[in-house]
Structures are given as structure tokens and as C-alpha cells.
Amino acid sequence: MRIDDIFSAASQVELEEKKRRQQDEDSEILSPVSWKADRVSISDRAREMQQAAASSDAQQTNDKNETAAQKAGDKLSEAVDKATGKASSSSSADQVENLEKKIEELQTRITQVAGSSSMPEEVKESTMSSLNAQISQLTAQLAALKADMQKPA
């Protein structure tokens with residue numbers, strides 16, 4: 001074997017060794033084992049805010065779903081009543097009653113949120129604002145429905 005061949009082979013082995021070390025270092029940087037050294041903690045206040053926001057979002061979604069389902073059910077009832085010849089005043093009266101109940105439930109929810117000591121003020125304000133907006137929307141629907149009931153047939 002020639003000396004050039006020996007140096008070439010040695011250089012190639014050294015180069016491969018450097019590549020292997022670099023790959024090992026790269027894999028250590030990306031491996032979850034190195035992540036264990038970093039710790040993140042969430043304060044109790046942040047955790048409370050997160051839980052309150054999640055609870056508020058779930059309640060709002062539930063309220064919206066109930067309102068949408070109620071509207072769909074009311075429309076279906078109204079369509080059935082028209083098709084069967086029943087007076088629409090009874091379904092309108094039911095709608096008025098349902099809207100009034102929903103408004104009362106939302107007002108109760110506002111009272112609960114306002115009295116909550118575990119909920120941060122920012123979350124309370126946001127939740128109460130959303131609930132008030134829903135009450136306003138339902139109140140407008142109620143007023144329109146009552147106005148329609150007052151019109152002669």
C-alpha cells in the first residue's frame with residue numbers, strides 16, 4: 001500500500017468520524033431527552049384564568065347551540081302548525097315563553113359569574129359581556145315576536 005493511499009484512507013475515516021459526531025450532536029439537540037432540562041411552570045392565577053376561559057367558552061358554545069336548536073325547533077313547529085292548520089298564536093305564545101325563560105337563564109348566569117370569586121375580573125367581564133349580548137339578541141327577537149302577535153291576521 002502506498003503512503004498516499006494510507007493518508008487518503010485515514011482522511012476519509014476522520015471525515016466519516018466528524019460526520020458521525022455532528023449527526024450525534026444534531027440528534028441530541030432534537031431529541032426529547034434534552035427537552036427534559038427545560039421546565040416551564042404556570043402560575044396558579046394563569047391556570048385559573050385558563051380554566052375559567054375554557055369554562056366560559058364551553059358555556060357560550062352550549063348556549064349558542066341551544067339557541068340555534070331552539071330556533072330550528074320553533075321553525076319546525078311553526079311549519080307543522082301551518083301545514084296542519086293549527087293557529088300560529090299558540091306556537092308564538094310558546095316561543096315567547098321559551099325566549100323569556102332563556103333570558104331569565106342568561107340573567108341567572110350573569111349573576112353567577114359576577115359572584116364568582118375564583119374567576120379573574122377580565123374573564124368575568126368578557127363572559128358577562130357575551131351573556132349581555134345574547135340577552136340583547138333574545139330581547140330583540142322577543143319584541144319582534146310580540147309585535148307580530150299584535151298584528152291582526
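Biologist: Glutamate 17: buried, partly exposed or exposed?

Modeller: Partly exposed. Glutamate 17 has a relative accessible area of 31%. Keep in mind that this is a predicted model.

Biologist: Which side chain does glutamate 17 meet in a salt bridge?

Modeller: That of arginine 21. The N to O distance is 3.7 Å.

Biologist: Why can those two reach each other along H1?

Modeller: Both sit in helix H1, which covers residues 3–30. They are four residues apart, so about one helical turn separates them.

Biologist: And how accessible is arginine 21?

Modeller: Its relative accessibility is 44%, so arginine 21 counts as partly exposed.

Biologist: Which residues make up the salt-bridge network there?

Modeller: Glu17, Arg20 and Arg21 are linked in it.

Biologist: How many salt bridges are there in the whole structure?

Modeller: Five turn up in a search of the whole structure. One of them pairs lysine 101 with glutamate 97.

Biologist: How far apart are the closest N and O atoms of lysine 101 and glutamate 97?

Modeller: They are 3.5 Å apart. The two residues belong to helix H4, residues 88–115. Again the spacing is four residues, or about one helical turn.

Biologist: What about exposure for lysine 101 and glutamate 97?

Modeller: Lysine 101 is partly exposed, at 44% relative accessibility. Glutamate 97 is partly exposed too, with a relative accessible area of 41%.

Biologist: What does glutamate 100 pair with?

Modeller: Lysine 146. Glutamate 100 forms a salt bridge with that residue, and their closest N and O atoms are 3.5 Å apart.

Biologist: Which helices does that pair tie together?

Modeller: Glutamate 100 is in H4, while lysine 146 is in H5, residues 121–150. The bridge therefore ties together parts that lie 46 residues apart in sequence.

Biologist: What are the accessible areas of glutamate 100 and lysine 146?

Modeller: Glutamate 100 has a relative accessible area of 31% and is partly exposed. Lysine 146 is at 36%, also partly exposed.

Biologist: Let's stay on H5. How many residues does it have, and how far does it reach?

Modeller: H5 has 30 residues. From first C-alpha to last it reaches 43 Å, close to the 44 Å expected at 1.5 Å a residue.

Biologist: Which H5 residues are buried?

Modeller: Val123, Lys124, Thr127, Ser130 and Leu131 are among them. So are Gln134, Ile135, Leu138, Leu142 and Leu145.

Biologist: And glutamate 125, buried or exposed?

Modeller: Exposed, with a relative accessible area of 53%. Glutamate 125 is found in H5 as well.

Biologist: How far is glutamate 125 from valine 113?

Modeller: Twelve residues in sequence. In space the distance is 8.9 Å, C-alpha to C-alpha.

Biologist: New topic. Where is confidence lowest, and where is it highest?

Modeller: The lowest is in helix H2, residues 32–35, at a mean of 52. The highest is in H5, at 89.

Biologist: What about the mean pLDDT of the protein?

Modeller: The mean is 76. Of the residues, 65% reach 70 or more.

Biologist: How many helices and strands are there?

Modeller: Five helices and zero strands. Along the sequence the pattern reads α-α-α-α-α.

Biologist: What share of the protein's residues counts as buried?

Modeller: The figure is 21% of the 153 residues.

Biologist: How much area does the protein expose, and what do carbon and sulfur supply?

Modeller: About 11500 Å² is exposed. Carbon and sulfur atoms supply 54% of that area.

Biologist: Last one. What share of the contacts comes from residues 24 or more positions apart?

Modeller: They account for 74%, counting contacts with a separation of 6 or more.

Definitions and conventions
Residues are numbered from 1 along each chain as its sequence is written. This is a predicted model: local features need pLDDT of at least 70, side-chain atom pairs count only at pLDDT 80 or more; totals for chains, interfaces and linings use all residues. Side-chain values use heavy atoms; hydrogens and water are left out. A salt bridge is a side-chain nitrogen of Lys or Arg within 4 Å of a carboxyl oxygen of Asp or Glu. Buried means under 20% relative accessible area, exposed over 50%, partly exposed in between (1.4 Å probe, protein chains only). Contact means heavy atoms within 4.5 Å. Accessible areas come from the Shrake-Rupley method with a 1.4 Å probe; for residues, only the protein chains shown count as cover. The expected span of a helix is 1.5 Å times one less than its number of residues. pLDDT is the predictor's confidence in each residue, from 0 to 100.
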